[in-house]
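Here is a short tour of side-chain contacts and strand pairing, written for someone who likes to check geometry in a viewer. Please keep the model open as you read.

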Amino acid sequence: MNASIIYLTNRRDCRANWFCDSLCAQAASRPIPQVIFIDACLWEPDADTRRALFAEWVKGRFEFVHVPPKPNVWQGPTRLTKADYFAASNARNTGICHAQGDYALFVDDLSVLMPGWFDNMMHACHSNYVVQGAYRKVKELIVEDGIVKHWEPNIEGDKDTGLDCRWGIGSDGGILPSYPSNLYGCSFGAPMKLLLAVNGQDEIYDGMGYEDTALGFALANNGARFMYNRNMLTYEDGP
């Protein structure tokens, strides 16, 4: 399988060990795609210690690249602003620059891959559609060896605010057609050919967001098919 998984973080405590362990647990003896960690903490003075920590988490189990986001005006040592701002397009485009696969998948930090993620990721890669993976934001998440042992829902009043708002358009039975506007950056994948055709994510959205949905419309204009998949699910720690 010729794919690349791009994992983004700018947090000191990013829990990338959850991602590494859950990826390897699901792959079992199957080949694991290239993993690219885009890590804003590598701009900090202890970058070598940070690299050693990620290498410890990977444990030689798969090929990986660990780099900071490319230079930009919004954050890091080349910023022109007084403080760091949101710049997800730049970070994801950095991952695209380093990707060797024909298909790119994106995962946010603080996430653990739930059972079935790997198999459904492989289906998207082989079938060449744009996959919109599902997510759930939870509290008190405990993960051991890549397996979720405990979590609590994010309940406000009588509503679970952490549940993917697209959940109702999906099915536990498999993938269903979706729309460009349902492309969310925390969990999605697309053929590299399409990502390059639209020049990646438009960096005009850095500093404010909305870059993920805008990418959906750009991909649609280039003939992309969109599928929402409940079974390509991640749990993410936090509100």
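The report below goes through a hairpin, the salt bridges, the cysteines and the aromatic rings of this predicted model.

## A hairpin of two strands

Let's begin with the backbone. Strand E6 covers residues 130-144 and strand E7 covers residues 147-153, and the two pair in the antiparallel sense over 5 bridges. If you want one position to anchor your view, take Lys139, whose bridge partner in E7 is Glu152.

The hairpin of E6 and E7 has 2 residues between the strands, and Asp145 takes a positive phi near 55° there. Both strands come up again below, with Arg136 in strand E6 and Trp151 in strand E7.

## Salt bridges

The model has 13 salt bridges. One of them joins Arg11 and Asp109, with the closest N and O atoms 2.6 Å apart. Arg11 sits in the loop between strand E1 (3-9) and helix H1 (16-27), while Asp109 sits in the loop between strands E4 (103-108) and E5 (111-113), so this contact ties together parts that are 98 residues apart in sequence. The two ends differ in setting: Arg11 is partly exposed at 37% relative accessibility, whereas Asp109 is buried at 4%.

Asp13 and Arg15 also meet in a salt bridge, at 3.0 Å from N to O. Asp13 is partly exposed with a relative accessible area of 47%, and Arg15 is partly exposed with 24%. Another salt bridge, between Asp160 and Arg136, has an N to O distance of 2.3 Å. That pair links distant parts of the chain, with Asp160 in strand E9 (residues 159-160) and Arg136 in strand E6, 24 residues apart. Asp160 counts as buried at 17% relative accessibility, and Arg136 counts as buried at 18%. Finally, shared partners join the salt bridges of Arg12, Glu44 and Asp46 into one network.

## Cysteines

How many disulfides are there? The count comes to 0. Cys14 is in no disulfide, and the nearest cysteine sulfur, that of Cys41, is 7.1 Å away. Cys14 is buried, with a relative accessible area of 0%.

Cys24 has its closest cysteine sulfur in Cys20, but the 6.7 Å between the sulfurs is too far for a bond. Cys24 counts as buried too, at 12% relative accessibility.

## Aromatic rings

The structure holds 10 aromatic pairs. In one of them, Phe19 and Phe37 are edge-to-face, at 6.2 Å centre to centre with 85° between the planes. Phe19 belongs to helix H1 and Phe37 to strand E2 (residues 34-39), so the pair ties together parts that are 18 residues apart in sequence. Phe19 is buried with a relative accessible area of 0%, and Phe37 is buried with 0% as well. Trp151 and Tyr235 have ring centres 5.2 Å apart and planes at 75°, so this pair is edge-to-face. With Trp151 in strand E7 and Tyr235 in strand E12 (residues 226-237), the contact ties together parts that are 84 residues apart in sequence. Trp151 is partly exposed at 29% relative accessibility, while Tyr235 is buried at 9%.

Which residues form one aromatic cluster? They are Tyr7, Phe19, Phe37, Phe54, Trp57 and Phe64. As a last stop, look at Tyr184: the charged end of Arg166 sits over its ring, 4.1 Å from the ring centre.

Methods:
Residues numbered from 1 in each chain as written. Predicted model: local features only at pLDDT ≥ 70, side-chain atom pairs only at ≥ 80, totals over all residues. Heavy atoms only, no water. Pairing = 2+ DSSP bridges. Helix = DSSP H or I, 4+ residues; strand = E, 2+ residues; numbered from the N terminus. Salt bridge = Lys/Arg side-chain N within 4 Å of Asp/Glu carboxyl O. Buried < 20%, exposed > 50% of the residue type's maximum accessible area, 1.4 Å probe, protein only. Disulfide = S-S within 2.5 Å. Phe/Tyr/Trp six-rings, centres within 6.5 Å; stacked < 30°, edge-to-face > 60°. Lys NZ or Arg CZ within 6 Å of the ring centre and 35° of its normal.
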